[in-house]
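Hi everyone, thanks for making time. I'd like to walk you through a structure that is probably new to most of you, so please have a look at it on the screen.

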There are 2 protein chains.
Amino acid sequence: MEIRVVRNVLEKNKKLADTVRERLHGRCTTMFNFMSSPGSGKTTLFQRLVPALLERGLRIGIIEGDVTTAIDAERLNHLGVPISLINTEKFGGTCHLAANVVLGALETLDDTPLDMILIENVGNLICPGEYDTGADGSVVLLSVTEGEDKPLKYPAIFRKTEASIISKIDVAGVLECNVSLLRENILRANPAHVIFEASGKTGAGVTELADWLVQRHQTSLASRSGAAR
Amino acid sequence: MEIRVVRNVLEKNKKLADTVRERLHGRCTTMFNFMSSPGSGKTTLFQRLVPALLERGLRIGIIEGDVTTAIDAERLNHLGVPISLINTEKFGGTCHLAANVVLGALETLDDTPLDMILIENVGNLICPGEYDTGADGSVVLLSVTEGEDKPLKYPAIFRKTEASIISKIDVAGVLECNVSLLRENILRANPAHVIFEASGKTGAGVTELADWLVQRHQTSLASRSGAAR
């Protein structure tokens, strides 16, 4: 019964995600959805990643998802890019961003032409993976502090994303994280995953990640024009 | 509409949590619910905490909640206490333990008389706090790696628990965690919180936590007999 309710919610969400996709297609904007546990370092990484994407000539916008507070949005404010903050407490305190709230966020970003929108999803390694946001691609962050077993314990989010960012790589040694084992476990959950090792603190891996996002931006735009033919 | 569905689910859950409480009362067993983000160190802490509670003469059982896999249950197996593993993927992959699954887990622990049951909830800092499990008390773990702002960003789970465990305290220095600020933020979310600083790796803080749990066990039993008078 409860499962049926969830299924209906997910089906409705999928339709709204299609609407999100149509809007983005109309504007030649791509969107990438970043998900992780609380405290995996999404905001700190964005502080490095956004300037790297701006340097590569992309006009960037951010959709910032949080249950409550503007803490993360304020931390990103100095980047000078448009940020649409979603507090899910207004939508029943949901633990993920659903397509309807992303659609609302897109409207607040309407004034500025953007090449790429980055979504910082609500900190949660389970439900955000279940909800199609309408993004062109999804990425999961996993910090070296969280333990090598997490891709096995939370496999769904790895199956529904295309890349992993092993974050806080600068403290892997001190935290005694076995990065090879973590990589193995990511690939056990999803053999097709592209894996980055990065640190928002030191900037390690940000160049590679930014280059990959530019490439994904281009392939997404190309596949759209292909689909339109 | 979606919010109303959630409200109904929570009301039904509350009734089942009352049933859980009745069962525990009938057996003079107390139950404590441990919640946190993935990778905050719940399992590692249990590996230290359970022996400390056994030393204090309590017969301990564990309810181990995970979306999938038996990884955590296997890590605790050597403790020699009864463990009831719940994989929520059988219940629609829920991101929390609801009272109905806790009730089922209690049945599998029926064979052994227990003084205290520890619940290791699914790794998630949002939804587990919304679902009454029927436990006598609830505790939130927060590792020093997650950032000092988390009690402000996820206040609901702090409001619905009575104690915080600042975990991985042994790496606070290396991770540049401002523990005073973290404590302040916990108390901003819930001024009544009891705060422990602990490390499952070094064993720091485990004595204090075990002593507190023994005391909470005794006050819970006393309040039950008071209520029965």
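Before we start, one term: when I say two residues are in contact, I mean that they have heavy atoms within 4.5 Å of each other. And please keep in mind that this is a predicted model.

Let's begin where the two chains meet. With that meaning of contact, 38 residues of chain B touch 38 residues of chain A. How much area is buried between chain B and chain A? It is about 2,900 Å², and carbon and sulfur atoms give 63% of it. On the chain B side, the residues that lose the most area to chain A are Pro38(B), Ile126(B) and Lys153(B). Together they make up 19% of what that side buries.

Now for the charged and polar pairs. Between chain B and chain A there are six salt bridges. One I'd like you to find is Asp66(A) with Lys153(B), where the closest N and O atoms are 3.3 Å apart. We also have eleven residue pairs in polar contact across this interface.

Which elements of chain B give two or more residues to the side that touches chain A? They are helix H1 (2-27), helix H3 (71-76) and helix H5 (150-153) of chain B. H1(B) brings the largest share, four residues. If we sort the residues on that side by character, we get 18 nonpolar, nine polar and eleven charged.

Let's turn to the inside of chain B. Its seven strands make an open sheet, and the order to follow with your eyes is S3-S2-S4-S1-S5-S6-S7. The pairing is parallel. At the edges you'll see strand S3 (83-87) and strand S7 (194-197) of chain B, each pairing on one side only. From one strand to the next, the twist averages 20°.

Zooming in on one pair, strand S2 (residues 60-66) and strand S4 (residues 116-120) of chain B run parallel and are joined by five bridges. Within that pair, Ile62(B) sits opposite Leu118(B). Packed on the sheet is helix H2 (residues 42-55) of chain B, which touches S1, S2, S4, S5 and S6 of that chain. The direction of H2(B) makes about 175° with that of S4(B).

Over to chain A. Here we find an open sheet of seven strands in the order S3-S2-S4-S1-S5-S6-S7, with parallel pairing. Why do strand S3 (83-87) and strand S7 (194-197) of chain A have one side without a neighbour in the sheet? They stand at the edges with a single partner strand each, so one side of each is left free of a neighbour there. Neighbouring strands in this sheet are turned by 20° against each other on average, ignoring direction.

Strand S2 (residues 60-66) of chain A pairs with S3(A) in the parallel sense, over five bridges. Asp66(A) stands opposite Asn87(A) in S3(A), and Asp66(A) is also the residue in the salt bridge with Lys153(B). Lying across S1, S2, S3 and S4 of chain A is helix H4 (residues 99-108), which runs at about 145° to S3(A).

One last stop. Over all chains, the structure holds 33 salt bridges. In one of them, the side chains of Lys160(A) and Glu130(A) meet at 3.3 Å, N to O. This pair links distant parts of the chain, 30 residues apart. Lys160(A) is in the loop between H6 and S6 of chain A, and Glu130(A) is in the loop between S4 and S5 of chain A.

Thanks for listening!

Note on methods. Residues are numbered from 1 along each chain as its sequence is written. Chains are lettered from A and ligands numbered from 1 in the order in which they are written. This is a predicted model: local features need pLDDT of at least 70, side-chain atom pairs count only at pLDDT 80 or more; totals for chains, interfaces and linings use all residues. Side-chain values use heavy atoms; hydrogens and water are left out. Two strands pair if DSSP finds at least two bridges between them. Axes are lines fitted to C-alpha atoms, for helices over the stretch in contact, and angles run from 0 to 180 degrees between N-to-C directions. Buried area is the accessible area (1.4 Å probe) that two parts lose on being put together, summed over both. A salt bridge is a side-chain nitrogen of Lys or Arg within 4 Å of a carboxyl oxygen of Asp or Glu. A polar contact is a pair of N or O atoms within 3.5 Å; within protein, one must be able to donate a hydrogen and the other to accept it, and residues adjacent in sequence count only if both atoms are side-chain atoms. Ala, Val, Leu, Ile, Met, Phe, Trp, Tyr, Cys and Pro count as nonpolar, Asp, Glu, Lys and Arg as charged, and the others, Gly among them, as polar.
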